[in-house]
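Subject: Structure for you to look at, with notes

Dear colleague,

Here is the structure I promised to pass on, together with the sequence. Please open both before reading on, since the notes below are easier to follow with the residues in view.

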Amino acid sequence: READVDRFSDAELGRIWRSTLINLSIMFVLSWVIGNGFGFRIFVLPTLNSDVFLATTAALLLCLLIRVVARRIRPLSERRKLLVFALSPRTRSQWLLKSVTVLCACVAEEAAYRGVAWQIISYSTGQHLWAAVICSVAFAFAHWVQGWISVLMIFFVAVVMHGLVEYTNSLLPAMLVHGVFDFIAIALISKEASQYRRDDTPRSQAGNS
């Protein structure tokens with residue numbers, strides 16, 4: 001469908017990302033306050049050794065592989081209608097706002113889902129593994145507007161992140177992987193969205209002639 005990638009104006013995009021920043025800030029503050037309430041520290045350094053480096057690198061590569069698979073199984077006609085393309089930054093100021101949002105997301109979401117929520121559900125149920133599954137499902141369905149294939153992809157990405165946190169005993173490697181993964185995805189999405197706009201331009205011009 002033509003113009004799907006331009007369904008939001010520049011002003012609307014700005015409002016969307018500012019609202020997202022506010023929500024992420026609230027998420028982080030709640031995670032910080034609740035975590036401190038039972039002695040959970042969000043920013044704990046992992047042991048800096050080759051094993052942690054390899055695990056972090058492997059997690060990033062696995063997340064990128066999951067994205068590739070999800071992209072392959074999604075039809076092109078469906079892919080170009082995805083909300084992520086309409087939300088891709090188009091101007092320098094939008095790129096700046098989006099970049100700040102990504103940095104906040106990789107901290108706030110890891111703190112909330114892979115940190116505080118996982119600890120609380122694990123303690124409440126006595127099921128550490130199933131607590132991770134519950135948090136992964138919740139994280140995936142928080143992205144429901146992106147479609148069921150994206151929800152499935154994000155679930156598996158969340159599982160990888162939980163595994164990385166469990167292995168490194170720290171949220172910081174997961175925050176790093178989350179941020180790098182998002183920046184790579186946004187760059188690829190923005191490039192694809194620009195291509196869709198170029199493809200639609202001749203048809204728009206033909207329709208106006």
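What follows is a walk through the features found, taken by topic.

Please keep in mind throughout that this is a predicted model, and that the values below are computed from it.

I start with the interior. The largest nonpolar core has 33 residues, and the members that touch the most others within it are Cys63, Val157 and Val177. Helices H2 (50-73), H5 (92-125), H6, H7 (148-168) and H8 (172-208) each contribute at least two residues to this core, with H7 giving the largest share, namely ten residues. If you centre the view on Val177 and set aside its neighbours within four places in sequence, you will find it in contact with Thr56, Ala59, Leu60, Cys63, Met161 and Leu164. Another core lies apart from the largest one; it has six residues, among them Val5, Leu82, Phe85 and Tyr196. As general background, nonpolar side chains in soluble globular proteins tend to be buried together.

Leu60, one of the contacts of Val177, can also be looked at from its own side. Leu60 is found in helix H2, and it counts as buried because its relative accessibility is 18%, which falls under the 20% cut-off. Leaving out residues up to four places away in sequence, Leu60 touches Val177, Val180 and Phe181. The C-alpha atoms of Leu60 and Met161 are separated by 9.1 Å, although the two residues are 101 apart along the chain.

A second leucine to inspect is Leu97, which is found in helix H5 and is buried, with a relative accessible area of 19%. With residues up to four places away in sequence not counted, Leu97 touches Gly14, Trp17, Arg18 and Leu21. Its C-alpha atom is separated by 15 Å from that of Val84, and these two residues are 13 apart along the chain.

Helix H6 (residues 128-141) allows a simple check of geometry: at 1.5 Å a residue, its 14 residues should span 20 Å, and the C-alpha atoms at its ends are indeed 20 Å apart, so the two values agree. Within H6, the buried residues include Ala131, Ala132 and Cys135, as well as Ser136, Phe139 and Ala140.

Turning to charged pairs, how many salt bridges does a search of the whole structure find? There are three, and I take them one at a time.

In one of them, the side chains of Asp10 and Arg90 meet at 3.0 Å, N to O. Asp10 lies in helix H1 and Arg90 in the loop between helix H4 (83-86) and H5, so this pair ties together parts that are 80 residues apart in sequence. Asp10 is partly exposed, with a relative accessible area of 43%, and Arg90 also counts as partly exposed, at 28%.

In another, the side chains of Glu192 and Arg71 meet at 2.6 Å, N to O. Since Glu192 lies in helix H8 and Arg71 in helix H2, the pair ties together parts that are 121 residues apart in sequence. Glu192 is buried, with a relative accessible area of 12%, whereas Arg71 is partly exposed, at 34%.

There is also a salt bridge between the side chains of Glu110 and Arg114, at 2.8 Å, N to O. These two residues are four apart in helix H5, which means that about one helical turn separates them, and both Glu110 and Arg114 are buried.

On the surface, Ile22, Ile26, Leu30, Ile34, Phe38 and Ile120 form a nonpolar patch, with about 530 Å² of accessible area together. Helix H1 (residues 10-37) gives the most to this patch, with four residues. Leu30 lies in that helix and counts as partly exposed, at 47% relative accessibility.

Finally, a point of backbone geometry concerns Asn169, which has a positive phi of about 55° although it is not a glycine. Asn169 sits in the loop between H7 and H8, and it counts as exposed because its relative accessible area of 62% is over the 50% cut-off.

With best wishes

Conventions. Residues numbered from 1 in each chain as written. Predicted model: local features only at pLDDT ≥ 70, side-chain atom pairs only at ≥ 80, totals over all residues. Heavy atoms only, no water. Expected span 1.5 Å × (residues − 1). Buried < 20%, exposed > 50% of the residue type's maximum accessible area, 1.4 Å probe, protein only. Patch = residues over 30% accessible without salt bridge, like charges linked within 9 Å, V, L, I, M, F, W, Y side chains within 5 Å. Areas by Shrake-Rupley, 256 points an atom, 1.4 Å probe, with all protein chains shown as cover. Salt bridge = Lys/Arg side-chain N within 4 Å of Asp/Glu carboxyl O. Core = buried A, V, L, I, M, F, W, Y, C linked by side-chain atoms within 4.5 Å. Contact = heavy atoms within 4.5 Å.
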